[in-house]
Amino acid sequence: MAKQKIFDTAIQPETAVLVGIILPNESEEKEQEYLEELAFLVDTAGGVIKGVFTQRLHHPDRATFVGTGKLDEIKSFVEAEEIDIVVFDDELSPSQLRNIERELKVKILDRSNLILDIFARRAKSAQAKTQVELAQLQYLLPRLTRMWTHLERQRGGIGMRGPGESQIESDRRMILNKIALLKERLKSIDRQAETQRKNRGQLIRVALVGYTNVGKSTIMNLIAKSDVFAENKLFATLDTTVRKVVIDNLPFLLSDTVGFIRKLPHHLVECFKSTLDEVREADVLVHVVDISHPSFEDHIRAVNETLKELGALDKPTITVFNKIDAYQPEREQQADETDTEAQPTSLEEFKRSWMAKYNSPAVFISATAKTNVEEFRKLIYDTVVKMHTERYPYDNLLY
Ligand SMILES: Nc1nc2c(ncn2[C@@H]2O[C@H](COP(=O)(O)OP(=O)(O)OP(=O)(O)O)[C@@H](O)[C@H]2O)c(=O)[nH]1
Ligand SMILES: [Mg+2]
């Protein structure tokens with residue numbers, strides 16, 4: 001049941017509207033960007049967006065997330081346009097979800113649910129599958145009534161009526177048993193993975209981290225000459241890939257793993273902790289940033305928050321600003337629209353101010369246009385050599 005697809009693309013793509021609220025400390029443009037990201041998530045999951053609704057609020061409505069007037073407005077649109085799904089940009093509480101569903105009478109999703117669905121489709125290894133299923137069940141447990149109405153409808157159009165309390169109770173027990181089982185399974189998978197990691201010996205471990213879709217897998221392929229799935233969709237990579245890389249006779253391990261995102265559902269991070277072991281146990285992090293994205297600074301913050309949650313924020317870090325080929329300087333920095341020198345100048349300015357502000361190594365590259373790749377390799381090389389010398393002062397066999 002947890003594997004039920006939310007966007008049924010078998011016959012024709014399902015249509016969706018997006019709903020977000022603008023809080024007092026947020027600007028309209030910021031919310032616009034958040035909704036664009038939500039739209040990208042919906043697109044990745046296979047839905048087609050037909051409308052967007054926003055409302056300025058001091059705080060989300062406890063009962064219905066948006067105000068009742070706004071909900072009526074959404075309802076009219078949903079009915080008129082025969083919309084299949086309404087997607088909210090924040091995690092809804094179980095009671096908000098029930099109230100909204102009762103009112104709108106279509107499938108309701110929130111951001112967490114959407115991310116979980118994308119993860120479920122992309123999971124390939126036993127570990128990723130188990131982790132996602134666990135996160136899905138934990139998400140569903142307090143929302144059981146709603147889920148059952150889904151199943152009832154699927155089974156033969158009984159309608160929107162939920163099951164009796166005893167049915168919910170026995171289902172709760174079933175899900176709790178399943179959760180316990182999945183946790184056990186994960187433990188044994190983790191033990192295997194741990195043994196594998198131990199067998200890797202003394203090589204320095206470098207982990208690529210960053211927001212989703214910034215180019216981590218593309219960089220992995222470039223540096224390690226491997227073949228990791230990369231595409232312009234969110235969360236193309238879910239499993240961790242580790243490759244042995246040799247630069248100028250210096251071997252080290254490079255890993256590519258799941259991308260982070262703003263408001264990553266908490267239990268998902270919890271469940272993915274073992275996939276992220278590679279990050280937690282890494283000696284060096286390579287934080288990849290998509291500098292062509294207007295919100296890249298927000299993305300850096302979101303990644304740092306997740307790293308903090310993993311206890312990996314204090315590791316030595318190289319920041320890689322990727323996609324410089326697509327970088328557009330901010331309007332106000334562009335003195336003259338026709339000035340072709342404007343772009344490189346402001347990238348230079350950004351570089352200087354970044355270096356002045358954060359005293360950590362950074363490099364500006366394009367993984368697809370292969371710009372400054374040598375500089376990047378050199379930076380990794382220097383960092384790994386330094387680390388190796390510190391750790392194994394008597395070992396000079398490697399270089
Ligand atoms: N313009 C431009 N596009 C790039 C560059 N590097 C990667 N991309 C594109 O960005 C998209 C995402 O790349 P991936 O390597 O899959 O990104 P990722 O960080 O591994 O993404 P997830 O695994 O989904 O988190 C792909 O369409 C790449 O071709 C670059 O330097 N410039
Ligand atoms: Mg990837």
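This is a guided tour of one predicted protein chain, stop by stop, with what to select and what is there.

Before selecting anything, note that this is a predicted model in which local features need pLDDT of at least 70 and side-chain atom pairs count only at pLDDT 80 or more, while totals for chains, interfaces and linings use all residues. Residues are numbered from 1 along each chain as its sequence is written, chains are lettered from A and ligands numbered from 1 in the order in which they are written, and side-chain values use heavy atoms, with hydrogens and water left out.

**The whole chain**

Begin with the full chain in cartoon view, where there are 13 helices and ten strands; these are DSSP runs numbered from the N terminus, helices being H or I with at least four residues and strands E with at least two. Of the 399 residues, 52% count as buried, a term that means under 20% relative accessible area, with exposed meaning over 50% and partly exposed in between (1.4 Å probe, protein chains only). Switching to a surface view shows an accessible surface of about 19800 Å², of which 49% belongs to carbon and sulfur atoms; these areas come from the Shrake-Rupley method with a 1.4 Å probe, and for residues only the protein chains shown count as cover. Among contacts with a separation of 6 or more, 71% are between residues 24 or more positions apart, where contact means heavy atoms within 4.5 Å.

**Strands β3 and β4**

Next select residues 85-88, which form strand β3, together with strand β4: the two run parallel and are joined by four bridges, and strands are said to pair if DSSP finds at least two bridges between them. Val86 stands opposite Ile108 in β4. Between the two strands the chain passes through helix α3 (residues 94-104), making a right-handed β-α-β crossover; right-handed here means that, with the strands pointing away from the viewer, the path from the first strand over the helix to the second runs clockwise.

Now show the side chains of β4 (residues 107-110), where Lys107 and Leu109 point one way, Ile108 and Asp110 point the other way, and all are buried. In a regular strand the side chains alternate between the two faces of the sheet.

**The nonpolar cores**

Stay on Val86, which, not counting residues up to four places away in sequence, touches Val17, Val19, Ile74, Val78, Leu104, Val106, Lys107, Ile108 and Leu109. Val86 and Phe235 have the most contacts inside the largest nonpolar core, which has 103 residues; such a core is a set of buried Ala, Val, Leu, Ile, Met, Phe, Trp, Tyr and Cys residues joined through side-chain atoms within 4.5 Å. Helix α13 gives the largest share of this core, eight residues. A second, separate core has twelve residues, including Phe296, Phe321, Ile324 and Leu347.

**The annotated pair, Ser217 and Thr237**

Select Ser217 and Thr237, where an unreviewed UniProt entry places the feature "binding site"; UniProt positions are given in the numbering used here, feature names are shortened, and annotations may be inferred rather than shown by experiment. These two positions are spread over 21 residues of sequence, yet they cluster in space, with a largest C-alpha distance of 7.6 Å.

Ser217 sits in helix α8 (residues 216-224) and counts as buried because its relative accessibility is 7%. Leaving aside neighbours within four places in sequence, Ser217 is in contact with Val228, Phe229, Ala230, Thr237 and Asp256.

Thr237 lies in the loop between α8 and β6 (241-247), and is buried because its relative accessible area is 11%. With the same neighbours within four places left aside, the contacts of Thr237 include Ser217, Asp256 and Gly259.

**Gly259**

From Thr237 move on to Gly259, in the loop between β7 (250-256) and α9 (266-271), which counts as buried at 3% relative accessibility. Beyond residues up to four places away in sequence, Gly259 touches Gly210, Tyr211, Thr212, Lys216, Phe235 and Thr237.

**The loop between β10 and α13**

Finish with Ser366, found in the loop between β10 (362-364) and α13 (373-391) and counted as buried at 0% relative accessibility. Not counting residues up to four places away in sequence, Ser366 touches Asn322, Lys323, Ile324, Asp325, Thr371 and Val373.

Lys370 lies in the loop between β10 and α13 but counts as exposed, at 57% relative accessibility. Phi of Lys370 is near 55°, a positive value in a residue other than glycine. Most residues other than glycine have a negative phi.
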